[in-house]
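Biologist: I'm new to this one and would like to learn how to read it. Could you walk me through it, feature by feature?

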Amino acid sequence: MNPDPADAPIELVPYDPTWPALFARECERLAPLLANWLVAPIEHVGSTAVVGLLAKPVIDLMAPVHDLASSRPAIEALVGFGYCYFPYRAEVMHWFCRPSAAHRTHHLHLVSYQSALWRERLAFRDALRRDGALAEEYATLKRELAERHRFDRDAYTDGKLPFLERVLRHR
């Protein structure tokens with residue numbers, strides 16, 4: 001189950017040119033805290049990482065760790081730093097949000113470096129960055145899904161999967 005509160009509507013907003021700076025600021029805060037676990041730079045992923053793409057106004061950060069087991073102590077460190085932890089998709093990542101589940105400005109995903117999830121998220125982001133028509137097709141799908149599933153984040157997310165899989169097959 002997605003940790004979003006059931007009554008939080010999906011709201012998409014036009015691209016905000018401050019999103020890269022918000023990502024960079026959060027990286028500056030997180031990198032020293034996560035230094036013991038990071039194996040490469042933190043990546044900006046999700047729709048806020050694609051210039052011009054509408055998105056939920058939440059900055060997605062993907063932090064590369066050696067593996068999930070050895071990075072478990074980072075959970076306590078991040079909770080003490082103001083992140084909320086949820087065991088969402090715990091088999092492939094440690095998932096956090098801040099400042100709260102009801103109101104989010106950031107999502108943080110600790111992911112095993114070079115895992116399938118790591119590679120797929122970067123490949124999808126990069127495909128959208130390279131191809132404006134593909135990004136617009138994705139935006140259209142997101143608008144339709146947000147309208148259809150305004151209060152069901154799981155259905156909204158699941159509805160994007162066929163598109164994501166198609167993009168990844170053709171990369």
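Biologist: Let me start with a single residue: does I42 count as buried or exposed?

Modeller: Before I answer, keep in mind that this is a predicted model. I42 counts as buried, because its relative accessibility is 11% and the cut-off for buried is under 20%. You'll find I42 in the loop between α1 (19-34) and β1 (43-45).

Biologist: Which residues does I42 touch, leaving out those up to four places away in sequence?

Modeller: I42 touches F23, C27, L30, A31, L61, M62, A63 and P64. For a sense of scale, take I42 and L145, which sit 103 residues apart along the chain: their C-alpha atoms are separated by 29 Å.

Biologist: And P87, is that one buried or exposed?

Modeller: P87 is exposed, with a relative accessible area of 60%. This proline lies in the loop between β3 and β4. Between the C-alpha atoms of P87 and R171 there are 30 Å, and the two residues are 84 apart along the chain.

Biologist: Now the backbone. What should I look for there?

Modeller: Most residues other than glycine have a negative phi, and most peptide bonds are trans. With that in mind, look at R89: its phi is positive, about 55°, although R89 is not a glycine. R89 is found in the loop between β3 (84-86) and β4, and it is partly exposed, at a relative accessible area of 35%.

Biologist: What is phi of Q114 near, and where is Q114?

Modeller: Phi of Q114 is near 70°, again a positive value in a residue other than glycine. Q114 is in the loop between β5 and α3 and counts as partly exposed at 39% relative accessibility.

Biologist: Which peptide bond is cis?

Modeller: The one from R98 to P99 is cis, with omega near 0°. P99 lies in strand β4.

Biologist: On to helices. How do I describe a packed pair?

Modeller: Two packed helices are described by the angle between their axes and the distance between the axes. Try α3 and α4: their axes come within 5 Å and cross at roughly 110°. These two helices are therefore roughly perpendicular to each other. On the α3 side the contact is made by F124, A127, L128 and R130, and on the α4 side by G132, L134, A135 and Y138. By class, that contact has six nonpolar residues, one polar and one charged.

Biologist: At what angle do the axes of α3 and α5 cross?

Modeller: They cross at roughly 85°, coming within 10 Å. That makes α3 roughly perpendicular to α5. Here E120, A123, F124, A127 and L128 of α3 meet F163, L164, V167 and L168 of α5. This contact has eight nonpolar residues, no polar ones and one charged.

Biologist: Last topic, pockets. How does anyone find empty space in a model?

Modeller: Rolling a probe the size of a water molecule over the atoms shows where empty space is left. In this model, the largest pocket has a volume of about 880 Å³.

Biologist: How many residues line the largest pocket, and which lie nearest its centre?

Modeller: There are 33 lining residues, with H109, R121, Y138, T157 and K160 nearest the centre. At least two lining residues come from each of β4 (93-99), β5 (104-112), α3 (116-130), α4 (132-148) and α5 (153-169). Sorted by class, the lining has 15 nonpolar, seven polar and eleven charged residues.

Technical notes
Residues are numbered from 1 along each chain as its sequence is written. This is a predicted model: local features need pLDDT of at least 70, side-chain atom pairs count only at pLDDT 80 or more; totals for chains, interfaces and linings use all residues. Side-chain values use heavy atoms; hydrogens and water are left out. On a 1 Å grid over the protein atoms alone, a cavity is a set of points where a 1.4 Å probe fits but cannot get out, and a pocket is an open set with protein on both sides within 12 Å along at least five of seven lines; lining residues have an atom within 4 Å of a point. Grid points are joined across faces, edges and corners, and a volume is the space filled by probe spheres set on the points. Helices (H or I, at least four residues) and strands (E, at least two) are DSSP runs, numbered from the N terminus. Ala, Val, Leu, Ile, Met, Phe, Trp, Tyr, Cys and Pro count as nonpolar, Asp, Glu, Lys and Arg as charged, and the others, Gly among them, as polar. Axes are lines fitted to C-alpha atoms, for helices over the stretch in contact, and angles run from 0 to 180 degrees between N-to-C directions. Angles under 35 degrees count as roughly parallel, over 145 as roughly antiparallel, 65 to 115 as roughly perpendicular and the rest as oblique. Contact means heavy atoms within 4.5 Å. Buried means under 20% relative accessible area, exposed over 50%, partly exposed in between (1.4 Å probe, protein chains only).
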